[in-house]
Amino acid sequence: MTIERELETIDVSFNVGPQHPATHGVFRMVLTVDGEVVVELEPVIGYLHRGAEKLSENCDYRQAIGFQDRTEYLSQFNAELCYVIAVEKLMGLEVPERAEYIRVILTELNRIASHLMFMGAFSADLGVFGTLFMYAFRERERMQDLFEEISGDRMMYSYFRVGGLAWDVPEDFVERTRWVVQQVRQGIADIDGLLTKNEVLLARTRGIGVMNAEQSIDWGFSGPMLRAAGVRHDLRRAEPYSIYDRLEFDIPVGENGDVYDRYIVRLEEMRQSVRIVEQCLDQMPKDGPIVAPGLKRVLRPPAGEVYMRTENPRGEYGIYLVSKGTDKPYRLKIRSPSFCHLAALRNMVVGHYVADAVIILGSVDIVLCEVDR
Amino acid sequence: MLGLFRALSTTLSAVLRKPVTVQYPAVHKELPHRTRGFPVLLWDFEVDEPFCTGCQVCARYCPTECMSVTMKDNPKHAEGKSKRRKIVDRFYIDYARCMRCNICVEVCNFDAIVLNNSWSGHEVSRYDRRDLVYDREDLLAESKEGSLTNPFREPLGMAHSGWSPKPRGEKAEEEEPSGE
Amino acid sequence: MIADNPWIDAVVRTLLVVMLVIVVALILIWVERKVAGRIQMRLGPMVVGPYGLLQSVADAIKLLTKEDLRPASADRWVFELAPFVAFVPSLLTLMSLPFTAHLFVRNLELGLFYIVAVSGLSIVGLLMAGWGSANKYALLGAVRAAAQLISYEIPLVMAILAVAMVSGTLNLVEIVEGQGRVPYIVWQPLGFVIFIIATLAELYRNPFDIPTAESEIVGGPFIEYSGIRWSMFFFAEYVNVFMLSVLGSLVFLGGWNWPLGNEVGWPLQLVLIFAKTSAMLLVFMWLRVSLPRLRIDQLMSFCWQVLLPFSFLGIIINGLVLVYEWPDVLLGLFSGVAALIAGWAVYRGSRRAAPAQPWSSVPARGTN
């Protein structure tokens with residue numbers, strides 16, 4: 001005769017955040033845990049809301065470029081590019097060739113820098129003591145030094161302008177960039193060697209946080225999260241902007257949509273970005289104008305609205321711009337990829353262990369400022 | 001197993017490379033020419049007064065509204081020593097708000113303000129936030145003592161989106177606008 | 001013999017060993033930070049003292065001058081005694097650890113057995129820390145830490161037992177004496193690998209440091225401790241690292257005996273054993289900085305499903321070769337083959353595609 005005793009268990013509910021030991025920003029998850037398994041997750045955002053969209057309504061089109069930097073603070077050039085292309089579309093401007101090439105070079109270098117930051121934070125979540133973080137940041141520092149030589153600042157560049165660039169790049173730009181790219185290759189090789197075939201990483205990240213292709217499209221994923229699930233969709237190929245239609249690059253695609261695939265996709269994207277940068281350096285015109293001709297000192301785009309989207313390192317970054325013909329935008333709405341990815345966090349985490357919740361959050365690669373704006 | 005050995009060999013190979021960090025307060029890296037520190041005003045040594053006339057264009061275009069400027073009649077103009085009719089009376093910049101976006105430099109008609117590209121433009125630490133509000137004399141100090149040797153001025157016309165003012169006689173240091 | 005009276009002799013030797021180990025622990029902290037820095041291509045501590053040598057001293061002074069907090073609802077005696085119960089066994093194990101044939105406190109006939117038994121006492125200290133903190137996360141962390149420690153004791157003991165079978169004695173000096181020609185790592189490569197992995201798990205070092213370094217339970221059972229109490233846990237860890245490294249170099253790497261033999265004077269033997277200990281310490285630090293950490297269930301399943309069967313296999317191999325008096329070289333051969341099989345099993349296990357997740361379809365939440 002067996003006596004079955006039911007053990008009364010309570011689900012424990014606790015906070016992860018807003019102060020994180022990992023480096024994702026002020027984000028709070030309220031986890032409800034049954035033993036080790038996460039039963040419920042509630043993300044709480046808004047800790048970093050600074051009113052960027054409303055502030056942009058008080059600024060003219062040149063001042064708002066600074067706010068774009070600060071919204072997407074890890075891939076600043078990508079955000080600036082989206083914004084200036086949006087305004088140029090509204091005004092019907094034609095950007096000179098040299099400016100386009102320089103823009104794409106800087107944008108792709110910034111993509112590499114952003115993915116390096118992801119590698120660092122991801123490995124810090126995993127528990128690699130800090131080694132990969134240092135390797136990634138060594139390469140990031142080289143790029144930040146290059147950006148400082150070009151634009152003046154290491155992070156908040158404010159370098160793109162409507163119609164082109166603020167000022168020309170220094171004379172040694174091509175050699176410097178080639179040298180940086182060569183160093184970055186070594187950094188990517190380091191990261192690859194340290195993590196890709198690592199059995200501990202495979203054990204920790206295979207099959208964790210799975211979102212298959214159908215679910216990813218349903219939840220509105222984009223960027224590396226979508227490509228990790230197997231959907232071959234890249235805005236640089238689907239709706240080419242700037243000069244991407246002249247460049248050859250592959251689109252890395254994962255299989256399962258788990259955390260390991262997201263890591264592999266971002267690693268491969270870094271390699272493809274290196275390829276793009278080298279092609280641009282070869283194809284770039286040696287000199288030429290860097291600003292579209294005939295611009296007034298104060299920009300007044302014609303009344304109208306435009307939605308421009310670009311492929312950010314995090315996904316599809318969109319700017320919806322409404323202009324009433326004045327020198328300040330009437331409405332500047334930012335569509336941020338991290339916001340949409342966080343909506344699906346609950347689906348990805350529930351059913352896994354608590355230690356996995358941290359890794360899944362790390363694999364989404366959020367930038368809190370674009371979630372909260 | 002092989003993946004673990006690969007990871008270990010990667011870290012071992014890193015030991016054989018030189019460390020990339022430097023001891024910062026003892027060693028300062030060389031700042032590039034275009035680096036954007038905090039804004040400072042320039043002193044016109046020929047006429048012995050600031051370049052700034054207090055026209056408030058920079059204060060109007062500042063995205064964070066960190067500057068306040070007032071102008072007054074230039075006593076030197078009345079004496080005939082200077083061509084500037086007005087001169088800056090009071091000029092406050094709140095460094096705590098400034099985001100070093102370079103717009104004030106781009107819009108200034110008199111090339112009077114520039115971002116400090118030396119280490120003193122970066123190492124501005126104070127214990128009290130109110131000490132970060134610099135007034136006219138603090139802003140002129142760097143230029144007056146002659147340590148601002150090579151400020152970065154983009155060739156006029158680029159950042160102005162193709163627009164350039166008519167070149168004036170005394171501002172001979174402008175490069176010709178190579179806009180288009 | 002330092003003094004004729006055995007009691008005074010014992011006290012003096014004990015004091016010498018304890019002081020040596022405290023100094024070694026301080027130096028080890030500095031070495032760890034420098035090695036970690038070098039692997040990460042940075043400089044490590046440089047400011048305090050030349051090349052940062054006085055950094056440990058500065059840390060010790062900081063820890064000593066911190067406020068000694070105790071949570072109000074903590075069980076007072078359990079909370080305050082826990083650091084001692086964790087620290088003292090580490091020092092006790094040093095009592096029978098020989099550094100050369102004549103430099104030890106007391107060489108016991110059951111030296112190996114004594115060391116393994118006493119070092120297990122620190123588990124109680126950890127549990128006391130977790131319970132006495134009156135903090136549910138500390139208790140969670142302490143229970144996990146205790147589970148990890150107890151599980152990994154078994155492969156550690158089995159690996160050392162295999163060496164005891166080969167040498168025929170538990171007396172540490174005689175084990176080292178028996179390695180005159182060939183160190184035991186050649187006869188027991190499987191045992192050595194298991195020893196290294198189990199040691200990492202015993203010491204809570206990466207990749208097995210989840211009880212003490214997880215992002216939800218930052219610090220594990222040591223959350224509520226600060227200042228000198230925390231520094232006692234910290235010292236206990238470093239003393240354990242040192243002790244297990246010395247044990248490994250005595251038992252597997254040939255101690256002071258190989259390759260120079262017993263005839264050279266004790267200074268050179270001391271240098272030799274410290275060199276081997278340093279080699280093992282560097283390997284531990286290198287592993288710490290390079291590998292991600294395992295989740296607790298992966299850790300436990302690795303122990304029970306991989307390490308334990310293979311450690312038993314090692315003992316069976318030893319038994320067969322020794323009882324049937326096959327040539328010694330077969331020991332090394334079988335053990336090496338078993339080590340390779342273990343590595344291959346781990347390789348295959350991690351590459352296997354993850355099973356389909358039963359939780360992939362999460363029901364949508366109803367109204368908020």
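In chain A of this predicted model, strand S6 (residues 304-311) and strand S7 (residues 316-323) run antiparallel to each other and are paired over eight bridges. One of the residue pairs that can be followed across this pairing is A:Val306, whose bridge partner in S7(A) is A:Leu321. Four residues lie between the two strands, which together form a hairpin, and in its turn A:Gly315 has a positive phi of about 150 degrees. S7(A) also pairs with strand S8 (residues 331-335) of chain A, again in the antiparallel sense, and here the pairing extends over five bridges. In this second pairing A:Leu321 stands opposite A:Leu332 in S8(A), so that the reader who looks at A:Leu321 can trace a partner in S6(A) and a partner in S8(A), if the definition of pairing by bridges is kept in mind.

Elsewhere in chain A, three strands form an open sheet in the order S1-S2-S3, with antiparallel pairing. Strand S1 (12-16) and strand S3 (37-44) stand at the edges and have a single partner strand each, so one side of each of them is left without a neighbour in the sheet. On average, neighbouring strands of this sheet are turned by 25 degrees against each other when direction is ignored. S1(A) is joined to strand S2 (residues 28-34) by five bridges, and A:Phe14 is found opposite A:Leu31 in S2(A).

Turning to chain B, the reader finds five helices and seven strands, which follow one another from the N terminus in the order α-β-β-β-α-β-α-β-α-β-β-α. Of the 180 residues in chain B, 35% are buried, and among the contacts with a separation of 6 or more, 67% are between residues 24 or more positions apart.

Helix H5 (residues 136-144) of chain B shows how buried residues can be arranged, with B:Leu139, B:Leu140, B:Glu142 and B:Ser143 all buried. These residues lie on the same side of H5(B), because they cover an arc of only 145 degrees around the axis. In an α-helix there are 3.6 residues a turn, so residues three or four places apart point the same way. The buried residues of H5(B) pack against five strands of chain B, namely S1 (39-41), S2 (43-44), S3 (49-50), S5 (86-94) and S7 (133-134). After the helix comes B:Gly146, which has a positive phi near 85 degrees.

Chain B also touches chain A, in a contact that takes 29 residues from chain B and 32 residues from chain A. On the chain B side, the largest share, seven residues, comes from helix H1 (residues 2-15), and by class this side has 14 nonpolar, nine polar and six charged residues.

The confidence of the prediction also deserves attention, since chain B averages a pLDDT of 79 and 85% of its residues score at least 70. Over residues 160-180 of chain B, however, the pLDDT is below 50, although this stretch has 39 contacts in the model beyond near neighbours in sequence. Where pLDDT is low, the predicted coordinates should not be read in detail.

In chain C, a last residue to look at is C:Lys276, which is found in helix H12 (residues 266-290). C:Lys276 counts as buried because it has 22 C-beta neighbours inside 10 Å. Leaving out residues up to four places away in sequence, C:Lys276 touches C:Ser249 and C:Leu253, and its C-alpha atom is separated by 8.7 Å from that of C:Leu250, which is 26 residues apart along the chain.

Conventions: Residues are numbered from 1 along each chain as its sequence is written. Chains are lettered from A and ligands numbered from 1 in the order in which they are written. This is a predicted model: local features need pLDDT of at least 70, side-chain atom pairs count only at pLDDT 80 or more; totals for chains, interfaces and linings use all residues. A residue is buried if 20 or more other C-beta atoms lie within 10 Å of its own, exposed if 12 or fewer, and partly exposed in between; C-beta atoms are placed from the backbone. The arc is that of the directions from the helix axis to the C-beta atoms. Two residues are in contact if their C-beta atoms, placed from the backbone, lie within 7 Å. Ala, Val, Leu, Ile, Met, Phe, Trp, Tyr, Cys and Pro count as nonpolar, Asp, Glu, Lys and Arg as charged, and the others, Gly among them, as polar. Axes are lines fitted to C-alpha atoms, for helices over the stretch in contact, and angles run from 0 to 180 degrees between N-to-C directions. pLDDT is the predictor's confidence in each residue, from 0 to 100.
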